[in-house]
Amino acid sequence: MKKIEDYIRSIPDFPEPGIIFRDITTVLQDAEGFRLAIDEMKKLLEGVEFDVVIGAESRGFIFGAPLAYALGKPFVLVRKKGKLPCETISQEYELEYGTATLEIHKDALEKEQKCVIVDDLIATGGTIKAAATLVEKLGAQVVKCIFLLELAGLNGREKLKDYDVGSVVSYDGK
């Protein structure tokens, strides 16, 4: 039986020398790999009580939407600034070179709802920390953050130390 690591393509020296890029397109383009990814992410949520799945733009949508569907939960989008049509709240966060802003609809969550945030990858943790802050601004609670991949060498868990974090696959490097 294949493991999710068997579907992930590793590309050395991309985007710069010394970096190994972990490519998930090979997971997505294989039906069995994609099914395995969703099934393994579901396992990370066993025993977790929650109401809503939150997906961070854009690859969080790829994994969050089918996960919400499989679990019979609603799916809420956290998007880049200017992409949502109704009234939003926003959260700025730091990137390697500059800043970015995420938004969520003001009416996307109810107070006290328990939320799981989903993304494809945890690297530095900045995007998901911003998404968690948005959830909390709306009075909801983040009960878990889950990822398909973790680049442990970038210490993203440290930024998310106040949350329960899980990943299917963890790589030591960056």
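Ala 130 is buried, because its relative accessible area is 3%, under the 20% cut-off. This residue belongs to a predicted model, and Ala 130 lies in helix α4, which covers residues 126-137. The points below start with Ala 130, then turn to helix α3, the aromatic pairs and two charged side chains that sit over rings.

**Ala 130 and its surroundings**

- Leaving aside residues up to four places away in sequence, Ala 130 touches Gln 91, Tyr 93 and Leu 102.
- Glu 32 is 98 residues from Ala 130 along the chain, and the C-alpha atoms of the two are separated by 32 Å.

**Helix α3**

- Helix α3 comprises 13 residues, 59-71, and at 1.5 Å a residue it should span 18 Å. The C-alpha atoms at its ends are 19 Å apart, which agrees with that expectation.
- Which residues of α3 are buried? They are Gly 60, Phe 63, Gly 64, Leu 67 and Ala 68.
- These buried residues cover an arc of only 130° around the axis, so they are on the same side of α3.
- An α-helix has 3.6 residues a turn, so residues three or four places apart point the same way.
- The buried residues of α3 pack against two helices, α1 (25-28) and α2 (31-43). They also pack against the strands β3 (52-56), β4 (75-80), β7 (114-122) and β8 (141-151).
- After α3 comes Gly 72, which has a positive phi, near 70°.

**Aromatic pairs**

- The structure holds three aromatic pairs, including the two described here.
- Phe 14 and Phe 21 form an edge-to-face pair, with 5.3 Å from centre to centre and 90° between the planes.
- Phe 14 counts as partly exposed because its relative accessibility is 44%. Phe 21 is also partly exposed, at 33% relative accessibility.
- Phe 61 and Phe 75 form an edge-to-face pair, with centres 6.3 Å apart and 90° between the planes.
- Phe 61 lies in helix α3 and Phe 75 in strand β4, so this pair ties together parts that are 14 residues apart in sequence.
- Phe 75 is partly exposed, with a relative accessible area of 26%.

**Charged side chains over rings**

- Where does the charged end of Lys 2 sit? It sits over the ring of Tyr 7, 4.6 Å from the centre of that ring.
- Arg 22 lies over the face of Tyr 171, and its distance from the ring centre is 3.8 Å.

Notes. Residues numbered from 1 in each chain as written. Predicted model: local features only at pLDDT ≥ 70, side-chain atom pairs only at ≥ 80, totals over all residues. Heavy atoms only, no water. Helix = DSSP H or I, 4+ residues; strand = E, 2+ residues; numbered from the N terminus. Expected span 1.5 Å × (residues − 1). Buried < 20%, exposed > 50% of the residue type's maximum accessible area, 1.4 Å probe, protein only. Arc of directions from axis to C-beta. Contact = heavy atoms within 4.5 Å. Phe/Tyr/Trp six-rings, centres within 6.5 Å; stacked < 30°, edge-to-face > 60°. Lys NZ or Arg CZ within 6 Å of the ring centre and 35° of its normal.
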